[in-house]
Amino acid sequence: MHEIVLKLVGVCRTAKLLTQLHSLTIRTGLLYDTHLAAKLTELYVELLPVHNGRKLFDEIPHPSIYTCNRILQRFCGNKRYEEVLSLFSSTFLFEKPDHFTLLFVLKACSALNALNFGKTIHGLGKKHGNIDSNMFLGSGLIDMYSKCGNMDDALRTFEEYSKPDIVLWTTLVTGYEKNFKPDEALAVFSGMVMTRGVIPDPINLVTVVSACTQLLNLKAGKNIHGFLIRKGYENPLPLFNALLNLYTKTGSIEYAGSLFRIIEEKDVISWSCMISCCAHNGATDRAISLFDEMIYKGVEPNSVCMISALQACEASCNIEKGRKIHELAFQKGLERDILVSTALIDMYMSCCAPNEAIMVFDRMLNKDAVSWFALLCGCVQNGMANKSMQIFCDMMASDIQPDATMMVKILGSCSELGVLQLTCCLHGYVIRGGFISNLFIGASLIECYAKCGSLEEAIEVFERLTDKDVVIWSSMFAGYGIHGQARESIKLFHRMVTDSTVRPNKVTFLSILAACSHAGFVEEGIEFFNMMLNEYQLMPESKHYAIIVDLLGRTGELDKAMCIINQMQSQVGPHVWGALLSACKIHQNAEIGEVAARNLLRLDPDHAGYYILLSNVYAVDGKWDDAAELRSSIKEKELKKITGQSVVKL
């Protein structure tokens, strides 16, 4: 009977026959045969869920190491790592494990971050003499220590081997790279090649290129690329993809393009890297073209290349192509990916289609803080202050806690709305959320209170901040300026210079100049402009020039204003010429007004206000035909002047 059952076990290939054989061995008492029970256990592991095999294994009086290893292997394959450690602890308390046993247990320790258990396995390996002669066990130990974040013990384990092979070297290099120690990874690699003379293989080089990518070390990566060409490795696609990723991260679009062209069998990772490289380095049209080519060649897109293509559409404001990619994402089921949906929201918001972005957001089954943030920032960007506040409230109701960056955005929306009560509520949340010490939030609060009409609250926030940087000071200068209190702004500037170590920057002077402009302090404004140039050696930008031109225009010094414009090293923006044109209207200077107007209409031909300003200049100068012609142009182009609005809601 024993021989017959053993033969049947040898030919058993179905779970049904296995259970029948198991029943037969129980009825006949053959289950107590260790060899037969081991064979049945191995069949259980192969044909049925592994816990059934474990139950039978526990009934074997003296199981073999081979049978135990089969169960450990199956547990590892099913990622049931806790049971690997449990089985090992109960079975090998008094037994001698072999190196396969130890490898399976080390894999479980790595997955569970069980460093102490792993050290016990290391001790067992030394005790039973399995380490010095077994490179695979050494590699498993180094991998375990690396994944537990203990690179010191990983290095000590490596040094126990007098003649490490390429697998051992690669495991150590990978450990340093995965633990974000790229310098050490390159140092070990250099020692491997230069000192020990070990020839790296493509697997080893993938890790080294990844370390170069972390360091953004293009030179080292190019050296590896050259080595790859000299050795003539046959189409090592993972290494090619790693190099493409390096070139993408370092902005080396030409090197990436050259490598991409010679890759014969490109996978979706290759295409994704190249599309991302183009999308993030100014070649947005090329990125979209590559995406189309990939789809045409039948390569199945993944979420990564879909996101890169959408980012290219976002950067180029190509909403039509973005919609087609959205349609493809829907067809492929990738719209359900939270990262793809977030990229769609960013794309639609940047292309001034907030309603489509909101539709994408509403369809999302799972929303994280990033997707909420994308929607909120997009609404702020598109001037939808009321909607952004509603989104903030909905986000809070969904238990999504905003971070400091999000609070800055929402305070910006509140300042646009001008609702003081809402600002007070947000201020309370800032205090409860522990954000009050954040300088960017402090600056936003000062700006928000000032724009909502409560200068007193803005001053109180300012004075309570113990560490004031240049952003905080500049915000307070601007707050005084908004309320026409230029004298207070100037006093505060002198206080900053004398009582603190903060050095004014361009934004500081812009705030001070704006305050002087609002209050009509011409001489003081010119004095600060000269201070910026001479004392602090700060090169003015177009906005600074616009204010100084406005100040000079108020005193009628139009020739001097024109001289300053001609001396500008940066491009003259529309607001500079606009300030000059306004001054020409006041002082009835049609000659300079025409120069300003020609430049304005060249830079911003659809701004109705500029046509009206020049028309008024002509009218004052008695050039009625020219004025009438400009008014006709406004009607023909259907231009409309934007009406003024009150900021503060009462």
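This is a short walk through the structure above, from its core to its loops. Keep in mind along the way that the model is predicted.

Let us begin inside. The largest nonpolar core has 187 residues. Those with the most contacts inside this core are Phe291, Ile345, Met407, Phe528 and Leu580, and several of these names will return below. Take Phe291 as a starting point: leaving aside residues up to four places away in sequence, Phe291 touches Ile275, Pro301, Cys305, Met306, Ala309, Ile325 and Leu328.

Ile345 leads us to a pair of helices. The axes of helix 21 (residues 338-350) and helix 23 (residues 369-381) come within 9 Å of each other and cross at roughly 5 degrees. Angles under 35 degrees count as roughly parallel, so helix 21 is roughly parallel to helix 23. On the helix 21 side, the contact is made by Thr342, Ile345, Asp346, Met349 and Ser350. Helix 23 contributes Val370, Ser371, Ala374, Leu375, Gly378, Cys379 and Gln381. Sorted by class, this contact of helix 21 with helix 23 has 6 nonpolar, 5 polar and 1 charged residues.

Met407 brings us to another spot. Its partner here is Tyr429, which lies in helix 26 (residues 420-432). The two residues are 22 residues apart along the chain, and their C-alpha atoms are separated by 9.5 Å. Is Tyr429 buried or exposed? With a relative accessible area of 12%, Tyr429 is buried, because buried means under 20%. Not counting residues up to four places away in sequence, Tyr429 touches Met396, Gln401, Pro402, Met407 and Phe435.

Now for the aromatic rings. The count comes to 13 aromatic pairs. One of them joins Phe158 and Trp169, an edge-to-face pair with 4.8 Å from centre to centre and 65 degrees between the planes. Phe158 sits in helix 10 (residues 151-159) and Trp169 in helix 11 (residues 166-178), so the pair ties together parts that are 11 residues apart in sequence. Both partners count as buried: Phe158 has 7% relative accessibility, and Trp169 has 5%.

Another pair is made by Phe509 and Tyr536. Their ring centres are 5.7 Å apart and their planes stand at 55 degrees, so this pair is tilted. Phe509 is in helix 31, while Tyr536 is in the loop between helix 32 (522-534) and helix 33 (542-554); the pair links distant parts of the chain, 27 residues apart. Phe509 counts as buried at 0% relative accessibility, and Tyr536 is buried too, at 9%. These two rings belong to a cluster: ring pairs link Phe462, Trp473, Phe477, Phe493, Phe509, Phe528 and Tyr536.

Helix 31 (residues 506-519) also holds Ser511. Ser511 is buried, with a relative accessible area of 11%. Beyond residues up to four places away in sequence, Ser511 touches Ser474, Phe477 and Ala478, and Phe477 is one of the residues in the ring cluster.

We finish in the loops, with a look at the backbone. Most residues other than glycine have a negative phi. Which value does Asn113 have for phi? Its phi is positive, near 60 degrees. Asn113 lies in the loop between helix 7 (99-112) and helix 8 (115-127), where it is partly exposed at 49% relative accessibility. Cys317 also has a positive phi, of about 55 degrees, although it is not a glycine. Cys317 is found in the loop between helix 19 (303-316) and helix 20 (319-331), and it counts as partly exposed at 49% relative accessibility.

How values were computed
Residues are numbered from 1 along each chain as its sequence is written. This is a predicted model: local features need pLDDT of at least 70, side-chain atom pairs count only at pLDDT 80 or more; totals for chains, interfaces and linings use all residues. Side-chain values use heavy atoms; hydrogens and water are left out. A nonpolar core is a set of buried Ala, Val, Leu, Ile, Met, Phe, Trp, Tyr and Cys residues joined through side-chain atoms within 4.5 Å. Buried means under 20% relative accessible area, exposed over 50%, partly exposed in between (1.4 Å probe, protein chains only). Contact means heavy atoms within 4.5 Å. Axes are lines fitted to C-alpha atoms, for helices over the stretch in contact, and angles run from 0 to 180 degrees between N-to-C directions. Helices (H or I, at least four residues) and strands (E, at least two) are DSSP runs, numbered from the N terminus. Angles under 35 degrees count as roughly parallel, over 145 as roughly antiparallel, 65 to 115 as roughly perpendicular and the rest as oblique. Ala, Val, Leu, Ile, Met, Phe, Trp, Tyr, Cys and Pro count as nonpolar, Asp, Glu, Lys and Arg as charged, and the others, Gly among them, as polar. Rings of Phe, Tyr and Trp (its six-membered ring) pair if their centres lie within 6.5 Å; planes under 30 degrees apart count as stacked, over 60 as edge-to-face and the rest as tilted.
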